[in-house]
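User: I'd like a close look at one acidic residue and its partner, and then a walk outward from there through the rest of the fold. Keep it relaxed, but give me your cut-offs as you go.

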Amino acid sequence: MELVGHHVFITGGASGIGLALAREFLKTGNRVTVWGRDTDKLERAVRDNPGLDSLKVDISQKGGLELITRELTGRLSSVSILVNNAAVGNAYCLLRDESPFEKIEAELLTNLLAPIRLTKIFLPVLLNQDHAAVVNVTSGYAVWPCTSLPGYSTAKGGLHAFTRVLRNQLKNTGVKVFEVLPPMVETEMVKESRAKKISPEAVVAATFSGLRRNRWEIAIGEVRLMRFVGGIAPRLLDWILRRYPISLKELDRLYLQEKK
């Protein structure tokens, strides 16, 4: 896929992977609009990256989706690449947590339902372009769930399935559908984790390489190994992800500390 001359809309684009993607798209000759909920982060991103446009909106809320729908007849009418990148995630135990359902609902809403709704809203605009794409950023935990991240893993697994369905349904159109599956990345969401992480820039380099070669599923770093191990030794991978990046025993200690 050619990555020049597009109008790219990136959710969660004021920091982390989203901002790194925005910078690379700008650098390669594209117009970029980033979505975010944090005014300070958006203003900083726009100030530090000349040419970057921003839209403050919460796509997990009905009002946010309505705002974007209105903008589709204005400044977003030329969008040809939609990047569903925004995500939230928490480590918790369903047995011990006092409010697991609220956390799961928030993760499903932001990580799964919002991308699905946003894709549906943008499809008429994307189908109207000569060359267009939907790029969904999932996770290695979409391949195999992480025991300590129940809501995040469920949402990303659902987005993985939705991406495959969408790709097949749009097969005979001009809209390509990609999935990016990064390992743990150095972002605000996991800054406290001691687990091995890669940089957002490394994710972007692998993503652009995969997009240019029309690789529908872009597995990055150790996620490639996860897919291989899951195919030949699923019990081993399950054993690993019961302990990584945080084990249930470690979570139990955290819950006990909170009660003291």
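What is the relative accessibility of Asp53, and what does Asp53 count as on that basis?

Analyst: Asp53 comes out at 25% relative accessibility, so it counts as partly exposed (buried is under 20% relative accessible area, exposed is over 50%, partly exposed is in between, with a 1.4 Å probe and protein chains only). Before going on, note that this is a predicted model, where local features need pLDDT of at least 70, side-chain atom pairs count only at pLDDT 80 or more, and totals for chains, interfaces and linings use all residues. Residues are numbered from 1 along each chain as its sequence is written, and side-chain values use heavy atoms, with hydrogens and water left out.

Now the partner. Asp53 makes a salt bridge to Arg75, with 3.1 Å between the closest N and O atoms (a side-chain nitrogen of Lys or Arg within 4 Å of a carboxyl oxygen of Asp or Glu). That pair links distant parts of the chain, 22 residues apart: Asp53 sits in strand 3 and Arg75 in the loop between helix 3 and strand 4 (helices are DSSP runs of H or I with at least four residues, strands are E runs of at least two, and both are numbered from the N terminus). Arg75 is partly exposed too, given its 30% relative accessibility.

The whole structure has 10 salt bridges. One of them joins Asp58 to Arg37, whose closest N and O atoms are 3.3 Å apart. Asp58 is in the loop between strand 3 (53–56) and helix 3 (62–71), while Arg37 is in the loop between strand 2 and helix 2, so this pair ties together parts 21 residues apart in sequence. Both ends are partly exposed: Asp58 at 23%, Arg37 at 38%.

Another runs from Glu217 to Arg164, with the closest N and O atoms 2.6 Å apart. It spans 53 residues, from helix 5 (150–169), home of Arg164, to strand 7, home of Glu217. Here Glu217 is buried at 15%, whereas Arg164 is partly exposed at 41%. Back at our starting pair, shared partners join Asp53, Glu71 and Arg75 into one salt-bridge network.

Next, the interior. The largest nonpolar core (buried Ala, Val, Leu, Ile, Met, Phe, Trp, Tyr and Cys joined through side-chain atoms within 4.5 Å) has 30 residues, and Ile10, Leu21, Phe25, Val32, Ile81 and Val83 touch the most other members. Elements giving it two or more residues include strand 1 (7–10), strand 4 (81–84) and helix 6 (200–212). Helix 1 supplies the largest share, six residues. A second, separate core of 29 residues includes Phe9, Val79, Val134 and Ala155.

Helix 7 (222–232) is worth a stop as well. Its Val223, Met226, Val229 and Gly230 are buried. Down the helix axis these fall within a 120° arc, so they line one face (the arc is taken over directions from the axis to the C-beta atoms). They pack against strand 6, strand 7 (217–219) and helix 8 (234–241), contact being heavy atoms within 4.5 Å. The face turned away from the buried side carries exposed residues, including Arg224 and Gly231. Leu225 counts as exposed because its relative accessibility is 52%.
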